[in-house]
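Dear colleague,

Please find below the structure that I am handing over to you. My notes on what was found in it follow directly after.

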Amino acid sequence: MRIRALEESDLLRLEWEGGEDYRRYYRDEWRCHQAGTQPVLVAAFLGFPIGHVGINLEDDPPAIVSLRVMEPFRDQGIGTALMRASERLCREQGFTTVSIGVNPANAAARRLYERLGYEAIGDPYESEWFLIDRRGRRRRMGETVQTMMRRLDGPAAE
Ligand SMILES: CC(C)(COP(=O)(O)OP(=O)(O)OC[C@H]1O[C@@H](n2cnc3c(N)ncnc32)[C@H](O)[C@@H]1OP(=O)(O)O)[C@@H](O)C(=O)NCCC(=O)NCCS
C-alpha cells in the first residue's frame with residue numbers, strides 16, 4: 001500500500017462507494033486538487049485507490065474531509081496512515097492546527113481521531129450539502145457534525 005496524490009485515472013475507480021452518482025463529485029474534487037485548494041491523497045493497493053482523503057486548504061485551520069477506506073481493507077492502519085499524511089501536508093503548508101468533522105454516531109471514526117490526538121471543539125451542528133447525481137438531480141445530503149481539532153506542533157505531534 002502506498003499513499004500518493006490523486007491521479008485523473010483514479011476518478012472512475014473511486015466509484016466503489018456511491019457508484020456513478022458520485023461521478024461529478026469526484027470530477028469536482030479533481031478540479032480542486034489540481035487548483036491546489038483541496039489536495040486529495042489516495043491509499044493505493046496494486047495501483048488501485050482503496051482509501052481516499054481530501055485536505056481543504058481554503059479553511060483555516062485546514063479541514064480533513066471525506067476520509068474513507070474500502071471495507072475489506074479497514075482495521076489495518078490505512079485510515080491512520082491517510083490521517084498522518086494529511087497532517088504532514090498541512091504542516092508543510094505552514095499550519096499548526098488541523099480540523100476534521102465527524103458524525104457523533106460514527107464511533108469507529110471518532111475513536112481513530114481521539115487516538116490521534118483530536119479533541120472535540122464546540123457543539124455538534126447540522127451540516128448540509130448537495131450531490132448532483134447521475135441523472136443530474138440535486139440531492140440534499142445532511143448529517144450531524146462534531147468538529148474535532150488537533151495541534152500539529154504539540155507533544156502528540158509525529
Ligand atoms: C473511519 C475509517 C476511515 C477508519 O479507517 P481504517 O483504515 O479502518 O483505520 P485504522 O485501521 O487506522 O484504524 C481502525 C482500527 O484498526 C486498528 N488497527 C490499525 N492497524 C491495525 C493492524 N495492523 N492490525 C489490527 N488492527 C489495527 C486501529 O487500532 C483501530 O482500532 P479501533 O477500532 O479499536 O480504534 C473507516 O472505518 C471508514 O472508511 N469508515 C467509513 C467512512 C467513514 O466513516 N469515514 C469517516 C468520516 S468522518
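Two strands are said to pair if DSSP finds at least two bridges between them. Helices (H or I, at least four residues) and strands (E, at least two) are DSSP runs, numbered from the N terminus. This is a predicted model, in which local features need pLDDT of at least 70 and side-chain atom pairs count only at pLDDT 80 or more, while totals for chains, interfaces and linings use all residues. Residues are numbered from 1 along each chain as its sequence is written.

The strands

I begin with β3 (48-56) and β4 (63-69). These two strands pair in the antiparallel sense over 5 bridges, and glycine 51 stands opposite valine 69 in β4. They form a hairpin with 6 residues between them. Proline 61 lies in this loop between β3 and β4, and the peptide bond that leads to proline 61 from aspartate 60 is cis, with omega near 5 degrees.

On its other side in the pairing list, β3 is joined to β2 by 6 bridges, and the two run antiparallel. Here alanine 44 stands opposite proline 49 in β3. The hairpin of β2 and β3 has 2 residues between the strands. Leucine 46 is placed in that loop, and its phi is near 50 degrees, a positive value in a residue other than glycine. Most residues other than glycine have a negative phi, and most peptide bonds are trans.

Alanine 44 also takes part in the pairing of β2 with β1, where it stands opposite arginine 2. That antiparallel pair is held by 4 bridges. By contrast, β4 and β5 run parallel and are joined by 2 bridges, with alanine 63 opposite serine 99 in β5.

Helix α2

Do the end C-alpha atoms of α2 lie at a distance that agrees or disagrees with its 15 residues? The expected span of a helix is 1.5 Å times one less than its number of residues. For α2 this gives 21 Å, and the end C-alpha atoms are 21 Å apart, which agrees.

A residue is counted as buried if 20 or more other C-beta atoms lie within 10 Å of its own, exposed if 12 or fewer, and partly exposed in between, with C-beta atoms placed from the backbone. In α2 the buried residues are Gly79, Leu82, Met83, Ser86, Glu87 and Cys90. Seen down the helix axis, these residues fall within an arc of 135 degrees, so they line one face of α2. The arc is that of the directions from the helix axis to the C-beta atoms. The buried residues of α2 pack against β1, β2, β3, β4, β5 and α3; two residues are in contact if their C-beta atoms, placed from the backbone, lie within 7 Å. After α2 comes glycine 94, whose phi is positive, near 90 degrees.

The surroundings of the ligand

Which residues come nearest to the ligand? Of the 16 residues around the ligand, these are Arg74, Asp75, Gly77, Gly79 and Thr80. A residue is near a molecule if its C-beta atom, placed from the backbone, lies within 6 Å of it. The elements that give two or more residues to this shell are β4, α2 (78-92) and α3 (107-115), and α3 has the largest share, with 4 residues. By type, the shell divides into 7 nonpolar, 5 polar and 4 charged residues. In this division Ala, Val, Leu, Ile, Met, Phe, Trp, Tyr, Cys and Pro count as nonpolar, Asp, Glu, Lys and Arg as charged, and the others, Gly among them, as polar.

Aspartate 75 is found in the loop between β4 and α2. With 10 C-beta neighbours inside 10 Å, aspartate 75 counts as exposed. Its phi is positive, about 65 degrees, although it is not a glycine.

Other individual residues

Leucine 46 counts as exposed, with 7 C-beta neighbours inside 10 Å. Aspartate 153, in the segment after β7 (138-151), is likewise exposed, with 10 other C-beta atoms within 10 Å. The C-alpha atoms of aspartate 153 and threonine 97 are separated by 7.9 Å, although the two are 56 residues apart along the chain.

Arginine 23 is placed in helix α1 (residues 23-35). It counts as partly exposed, with 17 C-beta neighbours inside 10 Å. Leaving aside its neighbours within four places in sequence, arginine 23 is in contact with Glu15 and Arg134. Arginine 23 and asparagine 106 are 83 residues apart in sequence and 25 Å apart in space, C-alpha to C-alpha.

With kind regards
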